[in-house]
Amino acid sequence: MIEQTDGKIIRRKDYPSPNPHVRLEEITYSSDGLLVKGLLATPKAKGRYDGLLYLRGGIQHVGMVRPARIAQFASHGLVVFAPYYRGNRGGEGKDEFAGEDRNDAVTGVEVLKQQSAVNSDRIHLFSFSRGGIMALWTAIMRDDLTSMVTWAGVSDVVFTYKERQDMRRMMKRVIGGTPNNQPDAYRERTALFQIENIDIPTLIIHGTLDTNVSFQQALLLENALRDADKEFETWYLEGYTHYIPPEMNRQLVKEAVNWMKRQE
């Protein structure tokens, strides 16, 4: 349930933009009563644009929102809001790796809806890596979105714990233990159990040789969507890892934006 104050914009501050056609602002907004920050990118050309909630990967400074990436999406004719998530860049609370901090994504939609340049009937989700699990929860918890793209996205937090030995210490600290001694905390973060509540088209983009978020996670999501009879599409990148070369990356962004804009 979204509280009335959630998503309320408390402060806006101009932020240096790498693109002369895109305005950037750092937004401070309310989420669960906490002041959380994020980056907003708006095309300077007057118009009414689809909104895009960009859900970053990583945790804390790792995978932090990059102004150039947000401006890149905005340059394709979107108003883009990218939450930093709580506990980051001076925001209150603590990043919980898809615990209560999922509400920072859910209420981020409200930030977009308050922008005069946004067609509030057309808001999309785009996620990368850890952002994948945040996007799934946002799609589950909201019924006013148009589409979702998950790129190299996490879909199962237990799977992440098992495949990323280098992240186990962080996950134990943030989640409160291991999947064995805190099974409920991990299960609560795994959106696959509630896929039937997603009612928007989903595009899964994933490299088959990804070792940061294994290709298996894409297959888990694909299978869950298929079993729930949901609309989805897959763009599997044969022979590619978590990181896509710049030129191909730019082309994929363009194609993904076009895919989103085609959705009803």
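A pocket is an open set of grid points, placed where a 1.4 Å probe fits, with protein on both sides within 12 Å along at least five of seven lines. This structure is a predicted model. Its largest pocket holds about 900 Å³ of space.

**The pocket**

Rolling a probe the size of a water molecule over the atoms shows where empty space is left. Here, 37 residues line the largest pocket. Nearest its centre lie Gly58, Gly63, Phe128, His242 and Tyr243. Several elements share in the lining. Helix α1 (67-74), strand β6, helix α6 (168-175) and helix α9 each supply at least two residues. The top contributor is α1, with four residues.

**The sheet**

Now to the strands. Strands of a sheet pair through backbone hydrogen bonds, either parallel or antiparallel. This model has an open sheet of nine strands, and its pairing is mixed. The order across the sheet is β1-β2-β3-β5-β4-β6-β7-β8-β9. Which strands stand at the edges? They are β1 (9-15) and β9 (232-237). Each has a single partner strand, so one side of each is left without a neighbour in the sheet. From one strand to the next, the twist averages 20°.

Three of the pairings are set out here.

| Strand pair | Sense | Bridges | One bridge pair |
|---|---|---|---|
| β1 and β2 | antiparallel | six bridges | Asp14 and Glu25 |
| β4 and β6 | parallel | six bridges | Tyr49 and Val118 |
| β6 and β7 | parallel | five bridges | Phe126 and Val149 |

The edge strand β1 thus meets β2 (residues 22-31) in the antiparallel sense. Strand β6 runs parallel to β4, and β6 also pairs in the parallel sense with β7.

**Strand β6 and its surroundings**

Is β6 mostly covered or mostly open? It is mostly covered, with eight of its 11 residues buried. Buried means under 20% relative accessible area. Strand β6 also belongs to a β-α-β unit. The chain goes from β6 through helix α4 (residues 131-141) to β7, and the unit is right-handed.

Helix α9 (residues 246-262) lies across six strands: β4 (49-55), β5 (78-83), β6 (118-128), β7 (147-151), β8 (202-207) and β9. Its direction is about 160° to that of β7.

**Putting it together**

Two elements link the parts of this picture. Strand β6 pairs with β4 and with β7, and β6 also supplies residues to the pocket lining. Helix α9 lies across β6, and α9 supplies at least two lining residues too.

Terms used. Residues numbered from 1 in each chain as written. Predicted model: local features only at pLDDT ≥ 70, side-chain atom pairs only at ≥ 80, totals over all residues. Heavy atoms only, no water. Pairing = 2+ DSSP bridges. Axes fitted to C-alpha atoms, helices over the stretch in contact; angles between N-to-C directions. Contact = heavy atoms within 4.5 Å. Buried < 20%, exposed > 50% of the residue type's maximum accessible area, 1.4 Å probe, protein only. Right-handed = clockwise from strand over helix to strand, strands pointing away. 1 Å grid on protein atoms, 1.4 Å probe; cavity = no way out; pocket = protein on both sides within 12 Å on 5 of 7 lines; lining within 4 Å. Points joined across faces, edges and corners; volume = space filled by probe spheres on them.
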